[in-house]
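Below are my notes on the pockets and on one asparagine. Please read them with the model open.

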Amino acid sequence: MQAILKNFEDYWYLVRDVWSTGVLGHSIGDLLVAAAIFGIFFVLRGLFTRFVLAIADRWVEKTETKVDDYIRDAIRSPLRFLFFALGFFFATEYLAFEDVARDFTESLNRTLIIIAIFWALYNCVGPISQGMRKLERVLTPEILEWLIAGAKTAVVLIAGATILQTWGIQVAPIIAGLGLFGVAVALGAQDLFKNLIGGMSILIERRFGIGDWIRVDGIVEGTVEKIGFRSTHVRRFDRAPVFVPNQQLSDHAVTNFTAMTYRRISWLIGVEYRTTHDQLRQICGDIEAYLTSTEDFAQPPLAPLFVRIDSFGPSSIDIMVYCFTHTTVWGEWLAVKEALAYRIKQIVEGSGTGFAFPSRSIYVETLPPSADEIVAARK
């Protein structure tokens, strides 16, 4: 019995020793207290965020600009993370690590603070860009998007360099090594840089923008959805996406249909050769009167408008109808063109003549003898 009690005493001594020794010289009780401190900060991070944002709301309401509203929303998540980092800091300070452990926890605390700061800066790039929309008079929206993407990339790179510096990793040798590596890569990535320069030339020259309908003969026709660093995303009219390298769009002729001021209708209308002089005059006059009296068509001198006898074709007298519509939207243009076709058909048929169709006349000078004539000749 005494041996059993002795064993229990030894075991209880081990429990007390483990409880007091714990991890890295800290007792289990200290670790639990540190965990409780961290847990309190973790639970209260939402309340802290609402408190800080409530103060920011009162300040934001006094201003007329919307940029500060966007910034307030952008720092919401970083604030929650910062309070989380604050809890980790107090927990590690309570444990009071020494030597290597202290250096490690200090670097970790600095890293959490750096992440919170640069996270907020990254989120603020978008709201700040909203205040730069006035620059669209000088720069296109696509160039601004490139600048925003470049600013976000710069924030991420600076944050990474700062974190590496915090952990004692020298950034300069890494940059030098990347420079040598970049030279080697550049020799094998010439197409990438050509596409990058091509994209910059597209934006600077303002050949087209997002939402424009473009056509590059032999390459693509559709609506531009995104202009990237390497390629441009074009959505064809069958809804299939096409990723075109920027170099091709820079080196080839691009037709931007969205930039049209007016949209053209050019027809040759063939009427029968039996159409009289007066009927031709009536047809041309009525078509021209329709074009000049309808608001759908642009009038001279803004755009040319012609209804003239053009030529005498193989089987028809050709009347040229040449005009421009105010709308450049494809569906609306088709509706205007259809209405014009109905009206022309009504005018031609109302004049007493008709439309010509391709035909060919064969003239026979002599006919071959019939069977009776052949029999009579033999007799």
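1. The lining of the largest pocket divides by class into 5 nonpolar, 4 polar and 2 charged residues. Here Ala, Val, Leu, Ile, Met, Phe, Trp, Tyr, Cys and Pro count as nonpolar, Asp, Glu, Lys and Arg as charged, and the others, Gly among them, as polar. A pocket is an open set of points on a 1 Å grid over the protein atoms alone where a 1.4 Å probe fits, with protein on both sides within 12 Å along at least five of seven lines; lining residues have an atom within 4 Å of a point.

2. This is a predicted model, in which local features need pLDDT of at least 70, side-chain atom pairs count only at pLDDT 80 or more, and totals for chains, interfaces and linings use all residues. Residues are numbered from 1 along each chain as its sequence is written, and side-chain values use heavy atoms, without hydrogens and water.

3. The volume of the largest pocket, the space filled by probe spheres set on grid points joined across faces, edges and corners, is about 190 Å³. Among its lining residues are Glu145, Trp146, Lys226, Phe229 and His233.

4. The second largest pocket holds about 150 Å³. Its lining has 5 nonpolar, 2 polar and 1 charged residues, including His277, Arg281 and Phe312. H10 supplies the largest share, 5 residues; helices are DSSP runs of H or I with at least four residues, numbered from the N terminus.

5. Is asparagine 246, in helix H9 (residues 246-251), buried or exposed? Asparagine 246 is buried (under 20% relative accessible area, 1.4 Å probe, protein chains only), at 0%.

Technical notes
Helix = DSSP H or I, 4+ residues; strand = E, 2+ residues; numbered from the N terminus. Buried < 20%, exposed > 50% of the residue type's maximum accessible area, 1.4 Å probe, protein only.
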